[in-house]
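Please keep the sequence and the three-dimensional view side by side while reading. The paragraphs below go from the overall layout to the strand pairings, and then to the interior.

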Amino acid sequence: MEERRRSKRTEMSSTLMVKRLDQGDMREVSIDIVDVSPNGVGFLCKEVLSIGAVYESKLRIWTHEVLHAFLQIVRIEMKGDSYTYGAVFIGMSESDAARIRVYQTINDDEKP
């Protein structure tokens, strides 16, 4: 299968809290990140999120900093009792994207 992603994806242990913006839904949903890149994030969630919807997020990264970003859901798959989502970052600052690239570089250097 041909790779369609614009950036390399890296696994990351973290959680994300999301709030849907376009319907005033202010509940927070916990998710488990599968992989992340400067362009987007893949994650697992038991809640039903809408494809095409934009969510406000707070991504806790490996340094324990919290990156504020907006996510647009572009892919949904059912896996067991939860959903796997793919989302692209919308308007992520270059400094936050650089933090993710630094993590990828460090993570790659640690692999045998």
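How many helices and how many strands does the chain have? In this predicted model, the chain has one helix and six strands, and in sequence order these elements follow the pattern β-β-β-β-β-β-α. Confidence should be kept in mind from the start: the mean pLDDT of the chain is 78, and 75% of its residues reach 70 or more. Strand β1 (residues 15-20) has the lowest confidence in the chain, with a mean of 67, whereas strand β6 (residues 82-90) has the highest, at 94.

Some totals for the chain help to set the scene. Of its 112 residues, 39% are buried, and the chain exposes about 6,800 Å², of which carbon and sulfur atoms supply 51%. Among the contacts with a separation of 6 or more, 54% are made by residues 24 or more positions apart.

The strand pairings can be followed in sequence order, beginning with β2 (29-36) and strand β3 (residues 40-45). These two strands form a hairpin with three residues between them; they run antiparallel and are joined by four bridges, and one place to look is Asp32, whose bridge partner in β3 is Leu44. Strand β3 also pairs with β6, again in an antiparallel arrangement, here through six bridges, and Gly40 stands opposite Val88 in β6. How enclosed is β3 by the rest of the structure? Five of its six residues are buried, so β3 is largely enclosed by the rest of the structure.

A further hairpin is made by β4 and β5, with five residues between the strands, and in this hairpin His64 takes a positive phi near 70°. Strand β4 covers residues 54-60 and strand β5 covers residues 66-79; the two run antiparallel and are joined by seven bridges. Within this pairing, Val54 stands opposite Gln72 in β5.

From the strands, the view can move to the interior. As a general point, nonpolar side chains tend to be buried together in soluble globular proteins. In this model, the largest nonpolar core has 23 residues, and those with the most contacts inside it are Val41, Phe43, Leu71, Ile73 and Phe89. The elements that give two or more residues to this core are β2, β3, β4, β5, β6 and α1.

Phe43 is a useful residue to centre on. Setting aside residues up to four places away in sequence, Phe43 touches a set of residues that includes Ile31, Ile33, Val34, Leu49, Leu71, Ile73, Tyr83, Thr84, Tyr85 and Ala87. Which aromatic pairs are there in the whole structure? A search finds two aromatic pairs. One of them is formed by Phe43 and Tyr85, which are stacked at 5.2 Å centre to centre with 25° between the planes. Because Phe43 lies in strand β3 and Tyr85 in strand β6, this pair ties together parts that are 42 residues apart in sequence. Both of these residues are buried, and Tyr85 counts as buried because its relative accessibility is 0%. Tyr85 also pairs with Tyr83: their ring centres are 6.0 Å apart and their planes stand at 40°, so this pair is tilted. Tyr83, with a relative accessible area of 22%, is partly exposed, because the cut-off for a buried residue is under 20%. Together, the ring pairs link Phe43, Tyr83 and Tyr85 into a cluster.

Two polar residues complete the walk through the interior. Thr84 lies in strand β6 and is buried, with a relative accessible area of 9%. Apart from its neighbours within four places in sequence, Thr84 is in contact with Phe43, Leu44, Arg75, Ile76, Glu77 and Lys79. Asp96 lies in helix α1 (residues 94-110). Is Asp96 buried or exposed? With a relative accessible area of 11%, Asp96 is buried, and, not counting residues up to four places away in sequence, Asp96 touches Leu67 and His68.

Note on methods: Residues are numbered from 1 along each chain as its sequence is written. This is a predicted model: local features need pLDDT of at least 70, side-chain atom pairs count only at pLDDT 80 or more; totals for chains, interfaces and linings use all residues. Side-chain values use heavy atoms; hydrogens and water are left out. Two strands pair if DSSP finds at least two bridges between them. pLDDT is the predictor's confidence in each residue, from 0 to 100. Buried means under 20% relative accessible area, exposed over 50%, partly exposed in between (1.4 Å probe, protein chains only). Contact means heavy atoms within 4.5 Å. Accessible areas come from the Shrake-Rupley method with a 1.4 Å probe; for residues, only the protein chains shown count as cover. Rings of Phe, Tyr and Trp (its six-membered ring) pair if their centres lie within 6.5 Å; planes under 30 degrees apart count as stacked, over 60 as edge-to-face and the rest as tilted. A nonpolar core is a set of buried Ala, Val, Leu, Ile, Met, Phe, Trp, Tyr and Cys residues joined through side-chain atoms within 4.5 Å.
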